[in-house]
Amino acid sequence: MVLTVHDVTKSFPGAEGDVPVLRGVSLSLERGETLALTGESGSGKSTLLHLIGGLDRVDSGSITVAGREITTMSDTDRAALRRSDVGVIFQQFNLIPSLTVEANIAFQARLAGAFDADHAARLSKALGLTEHLAKYPEALSGGQQQRVAIARTLTARPKLVLADEPTGNLDEATASEVLGQMLRLVRETGAALLMVTHSSSVARRMERHVNLSQGHVV
Amino acid sequence: MIATALTALLSHWRCNRLQFFAMIAGLALATALWSGVQAINAEARASYDAAAATLGEGQFDQLLPRSGEKIDQATYIALRRAGWQVSPVLEGHVRTEEGRVRVVGVDPLTAPGTIAPVGMQEDSNLDDFLTRGVLFAAPDVAEALSGVVSQRVITDPSVAPGVALTDIGVAQTLLDAHNQLSRLIIAPMQPMGLPDIAAVAPDLALQPAQDAGADRLTDSFHLNLTAFGLLSFAVGIFIVHGTISLAFEQRRSMVRTLRALGVPLTTLIGLMISELVVFAVLAGGIGVALGYVIAAVLLPNVAATLQGLYGASVAGTLQLRPEWWLSGMAIAVLGTGFAASGALWNIAQMPLLASARPRAWAVASGETARRLGAVALALLVIGTGIAIWGQGLTLAFALLACLLIGAALILPLLLRSAVMLADGQARSAMWQWFWADTRQQVPGMSLALMALLLATAANVGVSTMVSSFRVTFVDFLDQRLAPELFIRIEDPAQSPYLEAILLSEAQEVLPLLSVETEIAAVPTDLFGVRVGPTYRENWLFLDEAEDVWDRVETGNAVVVSEQLARRAGIWTDDLVTVAPGLSLPIAAIVADYGNPLGQALISEPLFRNLYPEMQPLSFGVRSNDPTTLRNVLTEEHGIPESAITDQSRIKAFSLGVFERTFTVTGALNVLTLAVAAFAILMSLLTLASIRVPQLAPAWALGLTRRRLGQLELLRAVVLAMVTTVLAIPLGLMLAWVLLSYVNVEAFGWKLPLYLFPGHYAVLTLFALLAAALAALWPAIRLARTPPSDLLKVFANDR
Ligand SMILES: Nc1ncnc2c1ncn2[C@@H]1O[C@H](COP(=O)(O)OP(=O)(O)OP(=O)(O)O)[C@@H](O)[C@H]1O
Ligand SMILES: [Mg+2]
């Protein structure tokens, strides 16, 4: 198992006391598996993704990533885990604006001390970024920027890729194309993928599909 | 990992060079201002001391011949051999076509520290001085001397009028006085266990140091300059704070991305701190260098004075003294630390998933402004408490701090209120948008505006202080140095004889009769004065009853100094016991800035009744032509040169020195304002990129970019105007605290506060101009923003 989530709860402080968002969520993911996480807006998809990525802390329950329990880890250890084993792709603001596309792609792998230039070059080529390598992110379109984020994540060879609506800002054709490239490359690298999405057409292209509703997985 | 994360952090500066420049320049300027003021303060003090010392006569104990005019050089050598640190002076006259020039020969190598050049920058000058022989004189004197003497005459306007300054050996040749000296200056520091002077040199009489007159006034001036230094430091801190927190704000999205990719928070903060330390040291270094340049540019006069004395640079002139460059560096590093601590704290507290966009300014700001306003109000209340009940110098400075910080912190709230008030009046949609947008801008600009507030207030305060000081000082000199010449003798037996001579030659003779006594348990000098036109016309009082001098003249009243009055808790019309059995009403209170003791004045006859055995040792003499009178006294009556002090010369010289200090403070005023303008410029430029999302909708709804640029300019001027209007009363309060609070605590007297409305109007104009100039470039840039940049906001992809 690359990922197991067991009975996780999370609530946020609201105007009238805490508002539960996750009320006992469990799921698991095998090596190389792809999973679509859907649900209404506000159902807690992003919250769950952040918890898995160690970007936020659970109220109760357990999460193991690559066999390691992360809910009891220190911030520093979770950061180390993110460098080496987990890749996170957000809807936007993924890139470092002051670094070139090439430096952005290499960035996470370099942080982890595991940069492989050939691998990076292959990924850039596969994602059609070769001619943009010297540019800065602001000169790229939204779809191109997301492809850079995908390349960056996969260059670091994470065991688990977490993506929060990575194609949410793209038109349908571009979204479909970026998604196709992403799925292919994830399979090539053998990583597991957990992707949050609104779109049922996207969800259909994944191996498994779970829906989040009323704080539970159905 | 560390190297990779650091590359990313630093790449921000590569892409935002302007921001980098703003930060380094802001820090460097703040440091420069601080170290410049420090340097000027130190140098002004040194130069004043040096000027007072060369004039001379009063500063040190001296040895004069008991009889005759000259001292044998052998006596000098005997004293030096015995271990006495004495320095020879030879004075005499050289005849020129137009009259006479007084030649003063000194020995630069043995003269006490404040007169002698401690170090030489150009050795050739010293060689010149010692071997070839050089004279220094003001232009007119130099002209008169050329052709008369064979030595080179160097023109130096700072040498006192009618005097040529040279080396003692040259003077001996010139005056044909081989192996002869006029007097010996005794250095203040002497080795232990010296033989008695009387035993080594029985022919010499000791003339004790005289009070230079305005020493305490000078001290007060320096204290006030120090306060100005602190103020400029505060301005600097605000600027540094502004630049650094804006720079951090812009890196929020990078911080989020870095953390999401697995850079631990502690590593990130550690890296940012190291980065800041490097920047602070870099900028501090630049700042200290800049401060040195500023001081050097502002101080050529001071340096010239000292150089003029011996043709060589005096060590006191702008050396990179460790204490001030170290303090400059400390200011840079501590200022950065202080400024960054808030920003770093925010980053440490910021949830990893917080919005990557720079914070929505206005949302947070209303609350913040109110909180700052509350703190400010508390500070102002504490300040008022101190002003009413507080005592002591520390509390006086605490009052200053409360006033300044309180005013700065309340500024955002006041600006917000002012803008909201204007918003309520706005009729058209455009103006409504303008005011709403201005309100959003206030938090981002408030640090720069606080800097402007402090800078303008400092300018108002300091120029009020300096000008009040000048008015007071000139009055004081006019009053105390009214007699053109002072003649001083050692032997009381000669007093009646001297008085007779003086009466025959001068317009008015004022014997100086005084004893040290106690009045109302305060140590006091009691003076017996010959009431005449001089006292009646020149003396100004802080407080007076009717017919002051008539009542004093007839022995029915006394005039006391402010120190005595304040310490003894007495005032005009109170009765004081002047001597056993003699109580007189106080007719007037007189300011005395030269003396820590109390003073009391009664009429000469009354004094002579009380102390019949007392003979005056000093006489003030009034004359329309003091130079001729002096010549008559020395040549026809054989009164030694050294016994005569030329007051008008001292007065002119002291005024000159002060004038220079005023010029320097004036220049500093302009500089602080320039730095504040720079702060505005930088915050506007930094804000510009953040503001695009706020401006884009207005543009999309039909405001042209040109119009947006004009409004941007107008906004800066409006905000600066509100700030300046607040700064003037703040500056006046500042001056008031300095003059009537700090001074009383430190020196026992108040300086009167004079108002200079014309000056404040000019300052306000300058401040507005500075703000407008600062806003000009950002406004032009805004007017030229490519539409594509504005459109990106709507594209929502970055
Ligand atoms: N930091 C927070 N503080 C308070 N409430 C929060 C916070 N983050 C999320 N929430 C709340 O938790 C709930 C779930 O939010 P979440 O972002 O996980 O939803 P989502 O399923 O990702 O929605 P969407 O599809 O719109 O992205 C929402 O009601 C949201 O308001
Ligand atoms: Mg979401």
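In the predicted model, strand β3 (residues 86-95) of chain B is joined to β9(B) by four bridges, and the two strands run antiparallel. Within this pairing, V86(B) has I186(B) of β9(B) as its bridge partner. Strand β9(B) also pairs with strand β1 (residues 61-65) of chain B, again in the antiparallel sense, over three bridges. Here the bridge partner of L63(B) is L184(B) of β9(B). Strand β9 itself spans residues 183-186 of chain B and is covered on both faces. One side carries R183(B) and I185(B), the other L184(B) and I186(B), and all of these residues are buried.

Chain A contains an open sheet of four strands, arranged in the order β2-β1-β4-β5 with antiparallel pairing. Strands β2 (17-29) and β5 (68-69) of chain A occupy the edges; each has a single partner strand, so one side of each lacks a neighbour in the sheet. Between strand β1 (residues 3-14) and strand β4 (residues 60-65) of chain A, the antiparallel pairing extends over five bridges. One residue of this pairing is L3(A), whose bridge partner in β4(A) is V65(A). Helix α1 (residues 45-52) of chain A lies across β1, β2 and β4 of the chain and runs at about 120° to β1(A).

A further open sheet of chain A has six strands in the order β6-β7-β8-β3-β9-β10, and its pairing is mixed. Its edge strands are β6 (86-89) and β10 (216-217) of chain A, each of which pairs on one side only. Strand β10(A) is joined by two bridges to strand β9 (residues 208-213) of chain A, and these strands run antiparallel. In β10(A), V217(A) is the bridge partner of L212(A). Helix α1(A), already described as lying across strands β1, β2 and β4 of chain A, also lies across β3 (34-39), β7 (160-164), β8 (192-196) and β9 of chain A. With respect to β7(A), the helix runs at about 150°.

Helix α5 (residues 142-155) of chain A comprises 14 residues. From its first C-alpha to its last, helix α5(A) reaches 20 Å, close to the 20 Å expected at 1.5 Å a residue. The helix is mostly covered, with 14 of its 14 residues buried. R157(A), which follows α5(A), has a positive phi near 45°.

The packing of two helices is described by the angle between their axes and the distance between the axes. For helix α3 (residues 101-112) of chain A and α5(A), the angle is about 35° and the axes are 6 Å apart. The crossing of α3(A) and α5(A) is right-handed. On the side of α3(A), the contact is made by V101(A), N104(A), I105(A), Q108(A) and A109(A), while α5(A) contributes V148(A), A151(A), R152(A), T153(A) and T155(A). By character, the residues of this contact divide into five nonpolar, four polar and one charged.

In chain B, G262(B) is located in the loop between α9 (252-260) and α10 (265-298). The relative accessibility of G262(B) is 0%, and the residue therefore counts as buried, the limit being under 20%. Leaving aside residues up to four places away in sequence, G262(B) touches A79(A), A80(A), R82(A) and R83(A) of chain A, together with M1(B). G262(B) and M1(B) are 261 residues apart in sequence, whereas their C-alpha atoms are 9.5 Å apart in space.

How values were computed
Residues are numbered from 1 along each chain as its sequence is written. Chains are lettered from A and ligands numbered from 1 in the order in which they are written. This is a predicted model: local features need pLDDT of at least 70, side-chain atom pairs count only at pLDDT 80 or more; totals for chains, interfaces and linings use all residues. Side-chain values use heavy atoms; hydrogens and water are left out. Two strands pair if DSSP finds at least two bridges between them. Contact means heavy atoms within 4.5 Å. Axes are lines fitted to C-alpha atoms, for helices over the stretch in contact, and angles run from 0 to 180 degrees between N-to-C directions. The expected span of a helix is 1.5 Å times one less than its number of residues. Buried means under 20% relative accessible area, exposed over 50%, partly exposed in between (1.4 Å probe, protein chains only). A crossing is left-handed if the near helix is turned anticlockwise from the far one by less than a right angle, and right-handed if clockwise. Ala, Val, Leu, Ile, Met, Phe, Trp, Tyr, Cys and Pro count as nonpolar, Asp, Glu, Lys and Arg as charged, and the others, Gly among them, as polar.
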